[in-house]
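This report covers charged pairs, nonpolar cores, a strand pairing and aromatic rings. The sequence and the model are shown first.

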Amino acid sequence: VTPSVPEAPKTYTSEVEPVDQVTLRLETDAFGGIYWGGEKAKAPRLTVSSANPESPVAGSATIRVTGPRGIVVLDQNQGFKLNPGETQRFHLSLPKDREGLFRVQAPIVIEGTKRDFTDTFAYFAHPHNSALDPNSFFGVCGHFGQNKGDIPHSFDLMSKAGAKWFRDEIYWGGCEKVKGQITVPDWADRFMQPAVKHGVVP
C-alpha cells in the first residue's frame with residue numbers, strides 16, 4: 001500500500017480591489033424611495049459600508065443630486081474612512097420647496113480606482129394626495145399600442161390617481177410609411193386623444 005502524501009498548502013491571490021469591498025445604498029423614510037418633508041422628516045441618507053473584515057478603507061465620494069428639469073441641488077465631495085465592517089451615513093440636504101424626482105450620483109474613489117453609483121428617490125414637501133396636485137410628476141407606462149388597456153377607462157383611472165403623463169409605443173414603421181413624411185397612425189390616435197381629454201399627456 002502506497003502511503004498518501006498530504007498536498008502542499010495552496011496560496012490564492014485575490015483580485016478584488018479595495019473599492020469592490022465598499023457598497024453604497026440610498027435610504028429614505030418610506031418604502032419605494034419616497035422622502036416626505038415636514039418637521040419630523042429625516043433627509044435621505046447615503047450609506048457607505050465596508051465588507052473588508054480585516055483592514056480599514058479610506059476614500060471619497062463625489063455626491064451630486066439633480067432634481068426636476070435636471071437642476072443640480074447638491075454637489076459636494078465627501079471623504080470617508082471605514083473600519084472593518086463599519087457603516088457611515090451622509091444626510092443629503094435638499095431644498096424644502098422643490099418637489100419631484102431626484103437622481104443621486106455618487107461615484108467613489110478608493111486607492112485610485114473608481115466605481116459609479118446611481119439611484120433615485122421622490123420628494124414631497126408634505127404628505128398629501130398627489131391627485132390634487134396639477135403639477136404631479138407621476139406618470140404611467142402603458143401598452144395601448146399593443147391593444148392592451150381599457151380606453152378611455154384607463155385614462156380616467158390615471159387622472160384620478162394623479163398621473164399626468166403616460167409613455168407608450170408607436171412603431172416607426174407605422175409613422176413613416178413614405179420616407180420623410182411623418183404621420184400619427186389612426187390606431188395611435190385612438191388612445192392619444194382620450195388621454196389628452198383626461199389631462200394625461202402622451
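In this predicted model, Glu27 is buried, with a relative accessibility of 13%. The value falls under the 20% limit for buried residues, so Glu27 is classed apart from its partner Arg25, which is partly exposed at 48%. The two side chains form a salt bridge in which the closest N and O atoms are 3.0 Å apart. The pair belongs to a network of salt bridges that links Arg25, Glu27, Arg45 and Arg89.

How many salt bridges does a search of the whole structure find? The search returns five. Side chains of opposite charge can pair when their charged atoms come close. Three of the pairs are listed here.

| Pair | Closest N to O | Relative accessibility |
|---|---|---|
| Arg25 and Glu27 | 3.0 Å | Arg25 48%, Glu27 13% |
| Arg64 and Asp75 | 2.8 Å | Arg64 34%, Asp75 46% |
| Arg115 and Asp20 | 3.1 Å | Arg115 34%, Asp20 39% |

Asp75 and Arg64 meet in a salt bridge. Asp75 lies in strand β5 (residues 72-82) and Arg64 in strand β4 (residues 57-66), so this pair ties together parts that are eleven residues apart in sequence. Asp75 is partly exposed, and Arg64 is partly exposed as well.

Arg115 forms a salt bridge with Asp20. Because Arg115 is in strand β9 (residues 113-115) and Asp20 is in the segment before β1 (22-27), the parts tied together are 95 residues apart in sequence. Arg115 counts as partly exposed, and so does Asp20.

The strands that hold Arg64 and Asp75 also pair through the backbone. How do β4 and β5 run, parallel or antiparallel? They run antiparallel and are joined by ten bridges. Thr62 stands opposite Asn77 in β5. The two strands form a hairpin with five residues between them, and Arg69 in the turn has a positive phi of about 65°.

The nonpolar interior comes next. In soluble globular proteins, nonpolar side chains tend to be buried together. The largest nonpolar core here has 28 residues, and those with the most contacts inside it are Val22, Leu24, Ile63, Val65, Phe80, Leu92 and Phe121. Elements that give two or more residues to this core are β1, β3 (45-50), β4, β5, β7 (100-105), β8 (108-110) and β10 (118-124). Not counting residues up to four places away in sequence, Ile63 touches Leu46, Leu74, Asp75, Gln76, Gln78, Leu92, Gln105 and Ala106. Asp75, one of these contacts, is also the salt-bridge partner of Arg64. Another core, of nine residues, lies apart from the largest one and includes Met158, Ala163, Phe166 and Ala188.

Aromatic rings are the last topic. The whole structure contains eight aromatic pairs. The ring centres of Tyr171 and Trp187 are 6.3 Å apart and the planes are at 35°, so the pair is tilted. Tyr171 lies in the loop between β12 (165-167) and α2 (172-175), and Trp187 in helix α3 (residues 186-197), so the pair ties together parts that are 16 residues apart in sequence. Tyr171 is partly exposed at 43% relative accessibility, and Trp187 is partly exposed at 31%. Elsewhere, ring pairs link Phe144, Phe155, Phe166 and Phe191 into a cluster. Phe166 of this cluster is also among the residues of the nine-residue core.

How values were computed: Residues are numbered from 1 along each chain as its sequence is written. This is a predicted model: local features need pLDDT of at least 70, side-chain atom pairs count only at pLDDT 80 or more; totals for chains, interfaces and linings use all residues. Side-chain values use heavy atoms; hydrogens and water are left out. A salt bridge is a side-chain nitrogen of Lys or Arg within 4 Å of a carboxyl oxygen of Asp or Glu. Helices (H or I, at least four residues) and strands (E, at least two) are DSSP runs, numbered from the N terminus. Buried means under 20% relative accessible area, exposed over 50%, partly exposed in between (1.4 Å probe, protein chains only). A nonpolar core is a set of buried Ala, Val, Leu, Ile, Met, Phe, Trp, Tyr and Cys residues joined through side-chain atoms within 4.5 Å. Contact means heavy atoms within 4.5 Å. Two strands pair if DSSP finds at least two bridges between them. Rings of Phe, Tyr and Trp (its six-membered ring) pair if their centres lie within 6.5 Å; planes under 30 degrees apart count as stacked, over 60 as edge-to-face and the rest as tilted.
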